[in-house]
Amino acid sequence: MAGEKEFQQKIRQLGTLVGELDQMPDGAAKVAARELVQLLMEVHGAGLERIMEIAFESGASGEALIARFGQDPLVRNLLLLYSLHPDDLETRILQALDDVKPRLRKLEGAVDLASIHDGAVRLQLHASGHGCGSTAKSMRAIVEESIYDLAPDLISLEILEPEAEAASGFVPLASLFKHPAVAPALEVAEVGGGD
């Protein structure tokens, strides 16, 4: 049985070949090749869809089998290719974020789902004030790997970096006072004292 990396390589190779097919000059060979690819996709897709239906019709054991299909790296990618994955995009994104929590905690970081809309995903990275640029890059790489592993079908991924203020250790002057009313009085006194 092919390994996950080998399978991923074949999927990328398939995408490359389809791209090359699109670049070919129009002609009978191009039309025939496109029809062949489309027909194979339709036949395989119909067969996989029927397998999923049969499993689902088997009751609880079939539903458990479908859930296992969704977790298996090879089968998961094949189901995604044919839009048959049992979990929707948001569920897979949230699973990927749960999967990375322990690794990010070791880097004193975290990530939250900021938004998801029509396949466009926005995430917010959080880091302790002790983090450095390389830590943010490491966290970003960890999150990207997990997201693309479980949700390669997303349309776009935007990862918002940790806010610079939190990492710089900057504390607003007003927050140092026990009573917030003291801070404005101090500012007025400082401005008035300059005359």
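Q: Buried means under 20% relative accessible area, exposed over 50%, and partly exposed in between (1.4 Å probe, protein chains only). Into which class does K10 fall?
A: This is a predicted model, in which local features need pLDDT of at least 70, side-chain atom pairs count only at pLDDT 80 or more, and totals for chains, interfaces and linings use all residues. Residues are numbered from 1 along each chain as its sequence is written, and side-chain values use heavy atoms, with hydrogens and water left out. The relative accessibility of K10 is 47%, so K10 counts as partly exposed.

Q: Which residue meets K10 in a salt bridge?
A: A salt bridge is a side-chain nitrogen of Lys or Arg within 4 Å of a carboxyl oxygen of Asp or Glu. For K10, the N to O distance is 3.5 Å. The partner lies four residues away, about one turn of the helix, with both residues in helix α1 (helices, H or I of at least four residues, and strands, E of at least two, are DSSP runs numbered from the N terminus). With a relative accessible area of 37%, this partly exposed partner is E6.

Q: How many residues apart in sequence are the parts that D22 and R34 tie together?
A: Side chains of opposite charge can pair when their charged atoms come close. D22 and R34 form a salt bridge whose closest N and O atoms are 2.4 Å apart. Because D22 belongs to helix α1 and R34 to helix α2, the pair ties together parts whose separation in sequence is 12 residues.

Q: What is the N to O distance in the salt bridge of D98 and K101?
A: D98 and K101 both lie in helix α5 (residues 89-106), three residues apart, about one turn of the helix. D98 is partly exposed, with a relative accessible area of 43%, and K101 is partly exposed at 41%. Their side chains meet in a salt bridge at an N to O distance of 3.3 Å.

Q: How many salt bridges does a search of the whole structure find?
A: Salt bridges also link R50, E53 and E57 in a network. For the whole structure, the number of salt bridges found is 11.

Q: Is N77 buried or exposed?
A: N77 is part of helix α4 (residues 73-81). Contact means heavy atoms within 4.5 Å; apart from neighbours within four places in sequence, N77 is in contact with F7, Q8 and P152. Its relative accessibility is 8%, so N77 counts as buried.

Q: Which residue of β3 is the bridge partner of L123?
A: Two strands pair if DSSP finds at least two bridges between them; strand β2 (residues 120-127) and β3 do so in the parallel sense over five bridges. Side chains alternate along β3 (residues 156-160): S156, E158 and L160 point to one face and are not buried, while L157 and I159 point to the other and are buried. The bridge partner of L123 is I159.

Q: What is the approximate area of the nonpolar surface patch that includes M41?
A: Patches join residues with over 30% relative accessible area and no salt bridge, with like charges joined within 9 Å and nonpolar side chains (Val, Leu, Ile, Met, Phe, Trp, Tyr) within 5 Å. M41, in helix α2, is partly exposed with a relative accessible area of 31%. Together with L14, V18, V37, L78 and L81, M41 makes a nonpolar patch of about 400 Å².

Technical notes: Accessible areas come from the Shrake-Rupley method with a 1.4 Å probe; for residues, only the protein chains shown count as cover.
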